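Let's take a look at how this one packs on the inside. Have the viewer open and follow along.

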Amino acid sequence: MAMVLSLAAWAETPEPLAPLPLTVDADASRVMLGQRLFHDPKLSDQGKRSCASCHPLDKGGMDGKARAEAADGVSLLRNSPSLFNVSFNYFFNWDGVVTTLEAHTEKVMLNPKIMNAKWPELIERLRAEPDYIDAFKRVYPEGLTKANVVDALSNFERSLVTPNARFDRFLRGETAALNADEQQGYRLFTALGCVACHQGVNLGGNLFQKFGIFGAPQGQQGPLDEGRYSVTGNDRDRGVFRVPSLRNVAVTAPYFHDGRAADLAAAVDTMAEHQLGKRLAAKQRDAIVKFLQTLTGEYLGKSLVVNNKPKP
């Protein structure tokens, strides 16, 4: 069977993916309050890091490090996924430990290795600022409460949508939005089966898969990570991780849960060999990389910028 679909067959095949919506419903007042909280280091126990520390919105929504730095400065965490388009996920974190954005928000805040917040102290710190009290009263009848802090943050995170990628325009019928090489890359992406896991409007984010179906990938960063097994305790979940979204993937290096792949070419080769059992020719790999580069969207009307070289 040919690896690449013919132009005629591909043209008749229903699109397996969908474009991001150009707009999303959002409560502007809650979003604005959540944005302030998102950038406020008072949410962390030591007052030194905010949500934006690991998810800078001017750098693809992630920190560019192979692994996020823990609050203690010693522990190795997993690679920080981008928060852009997080509202289209059904599972969160690399192991899918929670299934709602609210639960994810609170879990990160209370995690002793990340924000290490404690609700009584956190609420007290926020209430020490009169403008926070006033702001919450304007937005929530109950005022400044734990539930409303989580709600405001979650509303802001849901607003982090990056529509209008060139691929989205292509899906909406603007064929010229992708050049011939990029379209060839998309045909390969579909024909090889990448789209089986990187599916839906977010091109992933909602399924689980063993990392290394056809043998363990090389280049592991740090200690062995059991993946979803740490959540379920089922042996079949050892080394299983949530399939990440490919939205904005060109600006969110390095890749995988441990940041082992420094660039898209290395990531594509790893996926082809160890997830699909195929070795790609350089021309095929490069075409897929070109396609992936068309997935970069816009935030607040501006295209996301390419991150700096991955940090250690």
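Is the crossing of H2 and H6 left-handed or right-handed? Keep in mind that this is a predicted model.

## The H2–H6 pair

The crossing of H2 and H6 turns out to be left-handed. Their axes come within 10 Å and cross at roughly 155°. Angles over 145 degrees count as roughly antiparallel, so that is what H2 is to H6.

As for who does the touching, H2 brings Ser29, Arg30, Leu33, Arg36 and Leu37, while H6 brings Asp131, Tyr132, Ala135, Phe136 and Val139. Sort the residues of this contact by class and you get 6 nonpolar, 1 polar and 3 charged.

## The largest nonpolar core

Now for the largest nonpolar core, which has 41 residues. Leu37, Leu43 and Val149 are the ones that touch the most other members. Helices giving two or more residues to this core are H2 (28–38), H3 (51–54), H4 (101–110), H5 (119–127), H6 (130–139) and H7 (146–158). H7 supplies the largest share, with 5 residues.

Val149 is a nice spot to zoom in on. Leaving out residues up to four places away in sequence, Val149 touches Leu37, Met109, Trp119, Ile123, Leu126, Phe136 and Leu144. Two of those names, Leu37 and Phe136, also turn up in the contact between H2 and H6.

## A second core

Apart from the largest core lies another one, made of 33 residues. Its members include Phe170, Phe241, Tyr255 and Leu264. As background, nonpolar side chains in soluble globular proteins tend to be buried together.

Note on methods. Residues are numbered from 1 along each chain as its sequence is written. This is a predicted model: local features need pLDDT of at least 70, side-chain atom pairs count only at pLDDT 80 or more; totals for chains, interfaces and linings use all residues. Side-chain values use heavy atoms; hydrogens and water are left out. A nonpolar core is a set of buried Ala, Val, Leu, Ile, Met, Phe, Trp, Tyr and Cys residues joined through side-chain atoms within 4.5 Å. Buried means under 20% relative accessible area, exposed over 50%, partly exposed in between (1.4 Å probe, protein chains only). Helices (H or I, at least four residues) and strands (E, at least two) are DSSP runs, numbered from the N terminus. Contact means heavy atoms within 4.5 Å. Axes are lines fitted to C-alpha atoms, for helices over the stretch in contact, and angles run from 0 to 180 degrees between N-to-C directions. Angles under 35 degrees count as roughly parallel, over 145 as roughly antiparallel, 65 to 115 as roughly perpendicular and the rest as oblique. A crossing is left-handed if the near helix is turned anticlockwise from the far one by less than a right angle, and right-handed if clockwise. Ala, Val, Leu, Ile, Met, Phe, Trp, Tyr, Cys and Pro count as nonpolar, Asp, Glu, Lys and Arg as charged, and the others, Gly among them, as polar.
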